Amino acid sequence: MVIPFDAFFRRVAESTNIATQMELARVLGVNRSAITQAKSRNAVPQKWILTLSRRYALSPDWLEYGDGTPHPEDRNRPSIVAQPQTLPLPDVSLETIMVPKVKAVLCAGGGSMELEAVPVSEHPLPRAWLSRMGQPNAMVFMDVIGNSMEPGIRDGDMVLVDQSRTEMTVKSVLAVGYEDAIFIKRLEKRPNGVVMLSDNPDYEPVTIDGDELASFRVIGKVVWLCRDCRYA
């Protein structure tokens, strides 16, 4: 029986802390592309159902088909009329989000061939602080190699990328994909294409137009960076 992906993901979001498809991929331990493929085929692997039901104590039938209730024990739980009570509101300023760092590496130069979006670590950051820069649940950390964006962004820096922000402006630094490589660049829109610009004057602009645009994509906006102190 076909499991409609959108209905499945809606049930997952309703019953867990998973809010984005990137977070779903991280919990399942799969690449982001596996989620995209499942959505395009409108099919959900059975092992995903099993993994989620075990991790979140959910009913497999409810996850898969929407039958019954999210939690199996709810069926036998006696009905209790709750007494009204006033609970203190949580201090959202103290809430943190685990931002994943992915294996993929952004190249400030000739292009990085390390493209896997598999999380390799997680970093706790305040939700309120992340919200000031964009969409917290859409952010990932990525390492940078190369010197084409110096002096602002250096070889070895780690940048925070908001994947929900894909607008192209020269003032923005963006993570982009072109053919089989990914880069960190500024972008300038042209009538028939786009130009990738580097901050380092030693690097020439790269124009992408015509059929080449089919293999070009914006991954997200770089909203923050961090680096180790290096005294050489």
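This is a short chat about a cavity and a helix contact in a predicted model.

Trainee: How many cavities of 30 Å³ or more does the structure hold?
Mentor: The structure holds one cavity of that kind, with 30 Å³ or more as the cut-off, and about 60 Å³ of space lies in this largest cavity.

Trainee: Okay, and which residues line the largest cavity?
Mentor: Its lining is made up of Met22, Glu23, Arg26, Ile97, Met98, Val99, Pro100, Pro136, Asn137 and Met139.

Trainee: Which elements supply at least two residues of that lining?
Mentor: Helix H2, which covers 21-28, and strand E1, which covers 96-107, each do so, and the largest share, four residues, comes from E1.

Trainee: And how do the lining residues divide into nonpolar, polar and charged?
Mentor: Seven residues of the lining are nonpolar, one is polar and two are charged.

Trainee: Switching to helices now: at roughly what angle do the axes of H2 and H4 cross?
Mentor: The axis of H2 and that of helix H4, which spans residues 46-56, come within 10 Å and cross at roughly 85 degrees; because angles of 65 to 115 degrees count as roughly perpendicular, H2 is described as roughly perpendicular to H4.

Trainee: Which residues make the contact there?
Mentor: From H2 the contact takes Leu24, Val27 and Leu28, while H4 brings Trp48, Thr51, Leu52, Arg55 and Tyr56.

Trainee: What does that contact look like by class?
Mentor: Sorted by class, the contact of H2 with H4 has six nonpolar residues, along with one polar and one charged.

How values were computed. Residues are numbered from 1 along each chain as its sequence is written. This is a predicted model: local features need pLDDT of at least 70, side-chain atom pairs count only at pLDDT 80 or more; totals for chains, interfaces and linings use all residues. Side-chain values use heavy atoms; hydrogens and water are left out. On a 1 Å grid over the protein atoms alone, a cavity is a set of points where a 1.4 Å probe fits but cannot get out, and a pocket is an open set with protein on both sides within 12 Å along at least five of seven lines; lining residues have an atom within 4 Å of a point. Grid points are joined across faces, edges and corners, and a volume is the space filled by probe spheres set on the points. Ala, Val, Leu, Ile, Met, Phe, Trp, Tyr, Cys and Pro count as nonpolar, Asp, Glu, Lys and Arg as charged, and the others, Gly among them, as polar. Axes are lines fitted to C-alpha atoms, for helices over the stretch in contact, and angles run from 0 to 180 degrees between N-to-C directions. Angles under 35 degrees count as roughly parallel, over 145 as roughly antiparallel, 65 to 115 as roughly perpendicular and the rest as oblique. Contact means heavy atoms within 4.5 Å.
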